[in-house]
Amino acid sequence: MRRLLIAIGFMFFLAFLNAQEQANSVVDSLYREDQFYAGVTYNLLGSTSDNLSQNGFSGGYHLGFIRDMPINKNRNFAIGLGLGVSANSYNQNILISKYDTNNISYTVLDGNAYSKNKFTTYLIETPLEFRWRTSSPTQYNFWRIYAGFKLGYLVAHNTKYKGDLGKIKHNNIDHFNDLQYGLTLSVGYNTWNIHCYYGLNPIFSKDAQLNGSTIDMNSIKIGLMFYIL
């Protein structure tokens with residue numbers, strides 16, 4: 001999966017170079033903005049109980065293409081619809097143990113019992129954005145506010161533990177929600193844009209239970225998003 005993300009990123013980079021070369025040679029009154037994106041986020045877990053906590057750095061990496069569709073004459077308002085991929089890790093203190101397909105347990109770990117405990121998700125995503133910006137056919141540095149919704153489909157995931165129990169790794173546990181969706185907001189000027197994502201549904205399904213209660217934690221992502229033509 002990591003090699004796939006690198007390959008997709010390389011293709012986006014080549015497309016970006018070609019787009020920039022065309023943009024520098026032609027002034028297009030019917031221009032479109034910000035059709036490729038790349039981002040990095042710090043991932044948080046929301047709606048957690050008192051005995052659940054995060055530790056270490058939990059990161060997310062995001063790449064994609066968005067079709068920019070202006071909806072007014074000045075082309076400073078637009079709808080963006082796209083397709084992308086993301087990889088997201090979450091370092092936390094829940095040990096996920098898999099004994100067989102139908103026997104999966106969740107245990108809160110002692111802080112001194114392990115050096116690594118995380119789960120990682122890989123998603124194909126469809127972002128939908130309502131876009132406002134101060135751009136023009138010759139103005140390439142501009143303010144932007146992009147608010148929207150993102151739907152993700154989980155294509156792979158794994159868990160990794162390293163500690164007193166040894167090294168434990170599981171792939172594709174059935175208790176993750178295949179569909180994950182949330183609200184997005186990107187605000188910034190020129191290259192630098194603050195990006196936020198708030199998950200509207202839990203990462204785990206109702207089958208995932210800790211001490212008899214469902215694990216309802218959702219994903220919250222805060223970071224930087226870079227948009228290019």
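A salt bridge is a side-chain nitrogen of Lys or Arg within 4 Å of a carboxyl oxygen of Asp or Glu. Keep that in mind for later stops. The model on your screen is predicted.

**Stop 1: the whole chain**

Start with a cartoon view. The protein chain has 1 helix and 13 strands. Follow the chain from its start: the helix comes before the strands, in the pattern α-β-β-β-β-β-β-β-β-β-β-β-β-β. Now show the surface. The accessible surface of the protein chain comes to about 12200 Å². Carbon and sulfur atoms account for 58% of that area. Of the 229 residues, 45% are buried. Next, think about contacts between residues at least 6 apart in sequence. In 70% of these, the partners are at least 24 apart.

**Stop 2: D34 and R144**

Select D34 and R144. These two form a salt bridge, with the closest N and O atoms 2.9 Å apart. D34 sits in the loop between α1 (2–25) and β1 (36–46). R144 is in strand β7, residues 143–163. The pair links distant parts of the chain, 110 residues apart. Are D34 and R144 buried or exposed? Both are buried. Side chains of opposite charge can pair when their charged atoms come close.

**Stop 3: the R131 network**

The whole structure has 5 salt bridges. Move to R131 and add D68. Their closest N and O atoms are 2.8 Å apart, in another salt bridge. R131 belongs to strand β6 and D68 to strand β2, 63 residues apart. Both residues are buried.

Now add E129. R131 forms a salt bridge with E129 too, and the closest N and O atoms are 2.8 Å apart. R131 has a relative accessible area of 0%, so it counts as buried. E129 also counts as buried, because its relative accessibility is 6%, and the cut-off is under 20%. Finish by selecting R133. Salt bridges with shared partners join D68, E129, R131 and R133 into one network.

**Stop 4: the largest nonpolar core**

Select Y106, F119, F204 and I215. Which residues of the largest nonpolar core touch the most other members? These four do, out of 18 residues in that core. Colour three strands next: β4 (94–100), β5 (103–108) and β6 (114–133). Each supplies at least two residues of this core.

Centre the view on F204. Leave aside its neighbours within four places in sequence. F204 is then in contact with I96, Y106, F119, H175, F176, N177, I215 and M217. Apart from this core lies another one, of 6 residues. Among its members are I66, F142, M225 and Y227, so select those four to find it.

**Stop 5: two loop residues**

Go to R75. Its place is in the loop between β2 (59–70) and β3 (77–91). Check the backbone angle there: phi of R75 is near 60°, a positive value in a residue other than glycine. R75 counts as buried, because its relative accessibility is 12%.

Last, select N190. N190 lies in the loop between β9 (179–189) and β10 (192–199). N190 also has a positive phi, of about 60°, although it is not a glycine. Is N190 buried, exposed or partly exposed? N190 is partly exposed, because its relative accessible area is 27%.

Key:
Residues are numbered from 1 along each chain as its sequence is written. This is a predicted model: local features need pLDDT of at least 70, side-chain atom pairs count only at pLDDT 80 or more; totals for chains, interfaces and linings use all residues. Side-chain values use heavy atoms; hydrogens and water are left out. A nonpolar core is a set of buried Ala, Val, Leu, Ile, Met, Phe, Trp, Tyr and Cys residues joined through side-chain atoms within 4.5 Å. Buried means under 20% relative accessible area, exposed over 50%, partly exposed in between (1.4 Å probe, protein chains only). Helices (H or I, at least four residues) and strands (E, at least two) are DSSP runs, numbered from the N terminus. Contact means heavy atoms within 4.5 Å. Accessible areas come from the Shrake-Rupley method with a 1.4 Å probe; for residues, only the protein chains shown count as cover.
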